[in-house]
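The exercises below are to be worked with the sequence and the coordinates open. Each task is followed by a solution in steps.

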Amino acid sequence: MTEHLILILSACLLDALIGDPVYRLHPIRLIGHWILVCERALFALGLDGRLGGVIHWGLVVGTALGVWFGVRLGLDAIHPWLAFGWDLFIAYSLLCTRELLEQGWRILRDLDDLPAVRRRLSLLVGRDTEPLQRDGVVRATLESLSENLTDGVLTPLWAFCLFGLPGLILVKAISTLDSMVGYKNERYARFGWAGARSDDLIHWLPARLSVPLLALAALLLREHPRLAFSAAWRYHALLPSPNSGWSEAACAGALRVRLIGPVWHQGRLVTDVYMGDPDWPADLDAGDLSRGLWLILTTCLLALAVGLGMHRLI
């Protein structure tokens with residue numbers, strides 16, 4: 001096995017066994033802090049438009065890649081195993097498949113305790129969780145898991161398999177940028193343009209490839225693979241993002257359930273549109289959430305198999 005293949009398998013195994021620990025110096029937290037530092041400096045210089053946003057993008061992505069490579073170069077000069085250990089630490093820290101699934105399993109475990117699951121769900125979604133009843137909690141959890149499948153699992157994993165650690169670092173730096181400055185408000189509409197558009201670009205293909213992957217997972221689990229395709233085509237545009245609607249709609253079809261429904265944000269009803277055919281159930285329960293979690297888990301395992309296949313081709 002090549003060193004790259006060993007690194008992929010080792011990082012995925014660590015993520016599966018340990019998960020993503022929360023601590024102050026986590027690489028993603030450091031990237032987030034650097035994003036804020038660079039943003040404040042550029043705004044102070046009056047660079048708060050698109051040019052400033054492009055410079056900001058370059059500073060964040062360039063620093064993330066530069067720090068990884070600089071430390072690796074120094075450790076490699078001491079001993080190659082130290083360099084490999086550094087690579088493994090970074091790769092493991094940037095993969096978060098277990099964390100995504102664990103959030104869902106925790107909500108399933110505590111589903112009878114509505115106040116507790118509403119608090120937990122508020123860490124995953126941006127909507128108001130207080131109005132949600134049991135069925136709403138299940139729908140929102142499935143939406144979050146399926147929507148984050150692309151940017152949280154597929155794109156990082158496949159970038160890692162195809163382009164090595166630089167590809168993974170690039171994807172995670174761009175995703176963090178988008179999550180912090182990729183908003184269409186007065187402050188970030190122009191400044192966050194580079195982060196938002198590059199995020200759309202890197203997830204474009206994985207988002208669409210998520211549909212056959214979810215359909216295959218549905219086939220293996222004896223769910224509804226054909227509906228995954230038809231729902232993805234019909235309902236992906238219900239979400240404003242050019243990418244996230246594909247995996248969410250495919251998940252709805254694969255499980256043959258309706259998602260979304262009434263969504264409240266800061267006390268205001270944003271939408272009451274459902275994603276899915278009118279005769280599909282929307283009053284979801286623990287069984288539906290369990291099926292959804294197994295669907296996402298199976299899709300993640302298939303994504304790893306595809307990623308390893310990609311690695312063999314390069």
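**Exercise 1. Positive phi outside glycine**

Task: For I260, state which element holds the residue, what its phi is near, and whether the residue is buried or exposed. Then do the corresponding work for R256.

Solution.
Step 1. I260 belongs to strand β1. The model is a predicted one.
Step 2. The phi angle of I260 is near 65 degrees, which is positive although the residue is not glycine.
Step 3. The relative accessibility of I260 is 9%. Buried means under 20%, so I260 counts as buried.
Step 4. R256, also not a glycine, has a positive phi of about 55 degrees.
Step 5. The location of R256 is the loop that runs between α10 (244-255) and β1 (259-260).
Step 6. R256 has 29% relative accessibility and therefore counts as partly exposed.

**Exercise 2. The faces of helix α1**

Task: Check the length of α1 against the expected span, then find which residues of α1 are buried and where they fall around the axis.

Solution.
Step 1. Helix α1 covers residues 3-18, 16 residues in total. From first to last C-alpha it reaches 22 Å, close to the 22 Å expected at 1.5 Å a residue.
Step 2. Buried positions in α1 are L5, L7, I8, A11, C12 and D15.
Step 3. Viewed down the axis of α1, these buried residues fall within an arc of 165 degrees, so they line one face of the helix.
Step 4. A general point on spacing applies here: with 3.6 residues a turn in an α-helix, residues three or four places apart point the same way.
Step 5. L13, L17 and I18 are exposed, on the other side of α1.
Step 6. The cover over the buried residues of α1 includes α4 (80-94), α5, α7 (134-181) and α11.
Step 7. G19, just after α1, has a positive phi of about 85 degrees.

**Exercise 3. Helix α4 and its cover**

Task: Compare the span of α4 with the expected value, list its buried residues, and name elements that cover them.

Solution.
Step 1. α4 has 15 residues, which should span 21 Å at 1.5 Å a residue; the end C-alpha atoms are 21 Å apart, in agreement.
Step 2. A83, F84, W86, D87, L88, I90, A91, Y92, S93 and L94 are the buried residues of α4.
Step 3. Among the elements covering them are α1, α2 (27-44), α3 and α7.

**Exercise 4. The packing of α5 on α11**

Task: Describe how α5 and α11 pack, and sort the residues of the contact by class.

Solution.
Step 1. A pair of packed helices is described by the angle between the axes and the distance between them.
Step 2. For α5 (residues 97-109) and α11 (residues 286-313) the angle is about 170 degrees, and the axes are 10 Å apart.
Step 3. Angles over 145 degrees count as roughly antiparallel, so α5 is roughly antiparallel to α11.
Step 4. From α5 the contact takes T97, L101, G104, W105, I107 and L108; from α11 it takes A286, L289, S290, L293, W294, I296, L297 and C300.
Step 5. By class, the contact of α5 with α11 has 11 nonpolar, three polar and no charged residues.
Step 6. One pair to inspect is L297 and L101: they are 196 residues apart along the chain, and their C-alpha atoms are separated by 7.2 Å.
Step 7. L297, in helix α11, has a relative accessible area of 24% and is partly exposed.

**Exercise 5. Three single residues**

Task: For T141, N148 and H56, give the helix, the burial class and the contacts beyond four places in sequence.

Solution.
Step 1. T141 sits in helix α7 and is buried, at 0% relative accessible area. Outside four places in sequence, T141 touches G104, I107, L121 and L289.
Step 2. N148 is also placed in helix α7. With a relative accessible area of 26%, N148 is partly exposed. Apart from residues up to four places away, N148 touches L100 and V153.
Step 3. N148 and V171 are 23 residues apart in sequence, with a C-alpha to C-alpha distance of 14 Å.
Step 4. H56 is part of helix α3 (residues 50-78) and counts as buried at 1% relative accessibility. Neighbours within four places left aside, H56 contacts I35, C38, E39, L42, L177, V181 and F191.

Conventions:
Residues are numbered from 1 along each chain as its sequence is written. This is a predicted model: local features need pLDDT of at least 70, side-chain atom pairs count only at pLDDT 80 or more; totals for chains, interfaces and linings use all residues. Side-chain values use heavy atoms; hydrogens and water are left out. Axes are lines fitted to C-alpha atoms, for helices over the stretch in contact, and angles run from 0 to 180 degrees between N-to-C directions. Helices (H or I, at least four residues) and strands (E, at least two) are DSSP runs, numbered from the N terminus. Angles under 35 degrees count as roughly parallel, over 145 as roughly antiparallel, 65 to 115 as roughly perpendicular and the rest as oblique. Contact means heavy atoms within 4.5 Å. Ala, Val, Leu, Ile, Met, Phe, Trp, Tyr, Cys and Pro count as nonpolar, Asp, Glu, Lys and Arg as charged, and the others, Gly among them, as polar. The expected span of a helix is 1.5 Å times one less than its number of residues. Buried means under 20% relative accessible area, exposed over 50%, partly exposed in between (1.4 Å probe, protein chains only). The arc is that of the directions from the helix axis to the C-beta atoms.
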